[in-house]
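Me: I have a protein model open and I'd like to learn how to read its cavities and pockets. Can you walk me through it?

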Amino acid sequence: MTTTLRLLLPCHSLEDFPTFHEGEEAENLLVAWTAPWHPMLLHRLGKLPEWGRVENSPESCNGYLFLIPRVSLARVPSGFRERCLDQGGTCLDVPNSRPSAVADLARALDCEAQVAACPPAFERAFFALAYTYLQIELLTRQLRYTSNLDQAHFQTQVLKAAQATIDGDSTSFEDAIGRCFDLLSEERHRYYPMTSLLCDLTLLAPTTLGANLERQLQLQTPFNILATADLLQYIQESSPNLWKTLREAVDRRQLLAVGSGFNQAPTGLISYETLSRNLAWGQQFWCHSLGGPARVFARRLPGLEATLPGVLLRCGFREALHEAFQPTNMPQTSHTYLRWQGADGETIPSLTKTIYDANNPQVFLKLGIRIGECLDIDHVAASQFVHWPNQWSIGYQDLMESAARGDALGKWCLLDDLIGQINDPGYSPTTSTYDYRANYLKQLLEDPSAVTTGEHLIAKVQGLIQRERKLQQTQLLQGLAALASSSSARQHSTSLPIVNHEPRPQPPTEWMLELWERLLEPHHDLSKTCGEAERQVVHSLTSTGTNHRILLNDSCQSRRCLLSPADLGDCHPGSLPADQVYAAYRDRSGWWAVVDAPSLGYLHFSPLKGTTPKIRQPRLKIVTGKNTLRNEFMTATIDPATGALRSIHDYQSRSNLCSVQLGWFDQEIKKSIEKLLKQKTAIDWKQSLSQLIGSRDVDGSRRQLALHAEGYTTMRAESVEVVTNHPLLGHVRARGKMSLMGKTIASFVIDYRLQLGSRFLLVSANVTPTNKAKLIPFNDDDNYEYPPQSPPQGSGFRRYFGWRIAHAHPSAEIYRDLNGVKLEATRPTTEAPRLIEFQNVDQSLAILTGGMAFHRFPADGRCDMLVSLSAKDSVTTEMAIGLSPKNSLAAASQFLDRPQSVACGPLKSGLPTAAWLFRCSSKNVIVSDWQNRFIDESWIGVRIRLLETSGRSRKIKLEFAGNPSAVRATLPESADPPLHKSLPSVRLEDGQVICQLSPFESLDLEVDFGSQQ
C-alpha cells in the first residue's frame, strides 16, 4: 500500500531548485510539482507530497510512489527502478499533460473514481495552492530569508480543505483553502509586505478575434488589451454583441484598452505629420467610442523611436510601454520605471523590462525568483504577462487562480494603475536614436501578403513618401491661396477627416505599407486637389490670359530653380527684379534662367517690350572636357572607363569628397569568393613567380575574383557623352554594363546634371537587368546563378541593386531624417526616406534620397542606398549630392517635388512681380502643417505647426503677408497639459510673430488676421 508520494528532483535543496529549464522540460516540472496536490490524492495519502534529490533514494522503497520528471530522467541511478519494484514501490514518469499525470497517479493510488468525480473548481484551487507554495519558498530564499511557515499547521489546513472536497462542503472548503493562501501571504508579508503587481496584457490582431476573446471577457480577472483603433472599429462594426461586452468591461474598469494609434504604420518611415495624424485618429476613436482618450501607449509591432515621447504627450497619452513584443533593438535599462525622454526633451512615464510570455512555462517556473530580483532593484515587483486571447500555459492558470484567492504572489491591476504605483528612481538612462533599430525592411519582407511583391517594396515606399510630400504641398498651396485672396472658401481647406472610413467587411490588414497608405486614404486624389489649389492661387494673383508665366514656390523656404525655355515660353527673365535672377542665358531654343523663388511666394514673368534690362549672363560652360562638370561650388568628374562618379571636389580642401557607383550586391557572392580566396594560391615556385610578374593567372581567375570580393559587380562604360552644355546647365550621360566575372548582368544609363548656383549634383539612372538566366562560374565547382530564383528574404539587405557611396572621411558623423528632424543614423542599417548626411568639422555632404528609404553601411565612410530588390525588373532612380547645403532637410523635401511655371495673364493691379507671402527667419525651422481657419465660410486666419529640425534652440521671426492681429501658442485638443512642458511665449511685434523654439520642439500657432486681404 502506498503511503508516501515523493518527487525526485535534480537539486540538493530549494536554493538550487532547477528554474533554468525551458520549454517542455519546464512545463513537465510544473506538472510534476502541482499534480500530486490534487485533493483526492492528498486525502488518499493523508499528507503532503515530499520531494528529494533523485540520487538520494531511501534504503527501503516499500510504500513509496516516486514521480520522476523529465529533468531527472538522466540522473536516475542505474538499477533504481528494478530495486524499487522489488521492494514494493512504484516509479512513474511524469507526462507533460497535467490531466494525464493526475490520471496516472489516481491509477497508482486506486482512487480513479474519486478523482473523476472531483469538481474542476476545487482541482484548480489545489493546483494553484501547490504552485503558490513553491514560488513563495523560492522567493523567500531569493530575498535571503529562511522560511517561517509552520509546515504542520499548513498541512493540517490543506488536508481539511481536501476533506471538505470529499464531503462536498463548499463553505468549509473555502474557509480551509482561504486559510492556506493566507498562511502563504503571511509568510511573504513577514519579510516584504508590499504587494506584487500583476498585469495581463492581451494582444489583439485581426486573426485572434471571436470565441477566445469572448471567453476571456467572461473572466473576472482585470486585464488590458493592446489594439489599434482600426481593429476596434472593425469589432464595433462586425460584432456588435462582442463590442457591447467589451465596452461594458471598460466601463466597470475590468478592462483597459491600450492604444497604439489608428494603426501600426512604420514609425521610422513616415513623416511627422503622418505620425501625428495616426495618433490623433486613434484618440478620436477612443474618445468617441470608449468614452475618453487612451492614456497608455504601446506598439505590438516594432516601431518605437526616439522621436515618439513628445508626440505622444501632444496626443493625450500619459504613460507608455517601452517594450518590444517582437525581436528588435531597444535601449536596455536596469529599472522597471523609465522616464522615456525623446529627442525634443519631453519625457513620458514608461514601463520597461517587465514583459513575460504567458505561454512560456519557464516564466512561471522562476516567477518567485523574478519577483525577488525586482524587489531588490525597484522595491516593488511588476510583471506583465502577454498573450493572445485565452491562450496561456498551465503556470498562468495557476497564477490567475492564486491571485484571485490571495495576494501571496500578487494582485491583478490595470496598466495605468500599475505605472502609477511604481517608484520613480529619480533618473533615467540617456537614449538616442541609435539605440532603436526596428528594421522595417525585414518586417515588410516577412509579411505573408508581401511575398509576391517583396521585390517592389522600395518603389512602393518611395511612392508613399512622395504622396506625403504631395499632401504637404497641397496644404501649403492652399495656405498661399488664402493669404493671396480674401475669397477662400471652406471647401478648399485641407483639414484632415478623423476616422471617417466606411465600414469594411474584411478585418484590417497588418501589412505596414497598407497601414501607411490607409493614413493617406482620405486624400487619394491629391493631384486633383493640388491642381485646384494651384489654379486658385493663380486666379487670385493674375488676370485672364496665357501669355505670361508664374512660378509658385509651395515651400516655406526660398529655393533656387532652373527654368528652361519651355518653362519661360515667350517671357523674359529680365521682367523680374534683378535680385531674383541669379543668372540667365539665351540659346537657339530661347531663354534659360536660374531664379530665386521667395518662400511661400511667387515669381511672375512677362514678355518684354522695348529695351531689354541688364541681367547676369555668364559665359563659362558647366561641362569642361567630356567628363567634368563645374560650377561655383564644386567640380564633379565622371570616370570614362566605368561611367561612375569618380570624384566631387570643393574649392576649399581641393580633394575628393565622395565617389559613387552603381552595383548589384549579393551576400552569396561575397561568401563564395571569400572561401575561394582563402585557398592556397600556388603549389610550386613557378606558379607563384608567374603571378608576381603578371602572366596568366594560373589560379583560375583569382585576380578577377578579387574585384568582386566584397560581393559587388563592376561597371564598364560604353560611352560618356555630353547631352547639354551651356553656362547654366551641364548634362553628361554615361551608358554601360554591369558585370560579374566578365558576364553582363545589367545595363545602365546614368545622367549627371549640374546647374549654375546649385550646391547639388543631380544623379539619375535607369538599370535594366538582363533577361537571360545564366550561371557565372567562380571556379570549376562554384557557380553563381543570376538572377536568383528565391524571393528576397531575411533582413532585406542580402542582395539588391544600389548606389555605392564612398565618403572621403571614414570618421565623419552620419545623420538621417527621422519624422522630419535630423538625427544620428543607426548602423549597420538605417532608414532615411529623404536624407543621409556626412558631417565633418568644417563641411558636410548631403545625399538627398528622394524616397529611397533603406540604406546599409558596409564599412566606415561607405553607404549603400538600396534602389531595388529585384534582379529581373528595370528600375529608374534619382538622387542628389550636395556640398554643405544651408538647410539639407528643406532641400530634401523640395527634391521630392519640382516647381513648374504656369501659363497665366498679367498680374492684378498693385501686385509686385516677385513676392513672399510667408517667411521664417530660421532655415532650420520648417512648417510641417498648415491649416486655414474659417468661421461661417469666411477665412479668419491660419493654424501652423513649426518643427525645429537641427537640435538647436532658435529665436525665430515669422512674417505673413497681411496684418496679423493676434497670435497664440496652442496644444492639440487631445494633449495632456499637466504632463506637457509649458508652452513658449509668443508675441506679435510690428506685424511679426516672435517666439523661441527648443531643440527638435514642435509648436502649434494660431494666427488671426484682423481684416481679410
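Reply: Sure, let's begin inside. The largest cavity has 29 residues in its lining, and those nearest its centre are Arg-469, Gln-472, Ser-893, Ile-926 and Ser-928. Keep in mind that this is a predicted model, where local features need pLDDT of at least 70, side-chain atom pairs count only at pLDDT 80 or more, and totals for chains, interfaces and linings use all residues. Residues are numbered from 1 along each chain as its sequence is written, and side-chain values use heavy atoms, with hydrogens and water left out.

Me: What counts as a cavity, and what counts as lining?

Reply: Take a 1 Å grid over the protein atoms alone: a cavity is a set of points where a 1.4 Å probe fits but cannot get out, a pocket is an open set with protein on both sides within 12 Å along at least five of seven lines, and lining residues have an atom within 4 Å of a point. Grid points are joined across faces, edges and corners, and a volume is the space filled by probe spheres set on the points. Here that gives eight cavities of 30 Å³ or more, and the largest holds about 390 Å³.

Me: Which elements give two or more residues to the lining of the largest cavity?

Reply: Those are α12 (272–290), α19 (457–484), α26 (888–895) and β43 (925–935). The labels come from DSSP runs, numbered from the N terminus: helices are H or I with at least four residues, strands are E with at least two. The largest share, six residues, comes from α19.

Me: How do the residues of that lining divide by class?

Reply: The rule is that Ala, Val, Leu, Ile, Met, Phe, Trp, Tyr, Cys and Pro are nonpolar, Asp, Glu, Lys and Arg are charged, and the others, Gly among them, are polar. For the largest cavity you get eleven nonpolar, eleven polar and seven charged.

Me: And the second largest cavity?

Reply: That one has about 120 Å³ of space. It is lined by 15 residues, with Thr-228, Leu-231, Gln-264, Arg-300 and Glu-510 closest to its centre. Both β6 (223–227) and α10 (229–238) give two or more residues to this lining, which splits into seven nonpolar, five polar and three charged.

Me: Now the open kind. How much space lies in the largest pocket?

Reply: About 1,300 Å³. Its lining has 39 residues, and Arg-559, Arg-560, Cys-561, Gln-755 and Ser-758 lie nearest the centre. Elements that give two or more residues include β16 (559–563), β27 (743–755), β28 (760–769) and α26. With five residues, β16 gives the most. By class, the pocket lining has 18 nonpolar, ten polar and eleven charged residues.

Me: Let's try a single residue. Why does Leu-143 count as buried?

Reply: Buried means under 20% relative accessible area, exposed over 50%, partly exposed in between (1.4 Å probe, protein chains only). Leu-143 counts as buried because its relative accessibility is 8%. You'll find Leu-143 in the loop between α6 (120–142) and α7 (151–167). Beyond its neighbours within four places in sequence, Leu-143 has contacts (heavy atoms within 4.5 Å) with Tyr-191, Tyr-192, Gly-372, Leu-375 and Asp-376.

Me: What about the protein overall?

Reply: There are 26 helices and 49 strands, and 58% of the 1013 residues count as buried. The C-alpha trace spans about 125 × 90 × 50 Å along its principal axes. Of the contacts with a separation of 6 or more, 74% join residues 24 or more positions apart.
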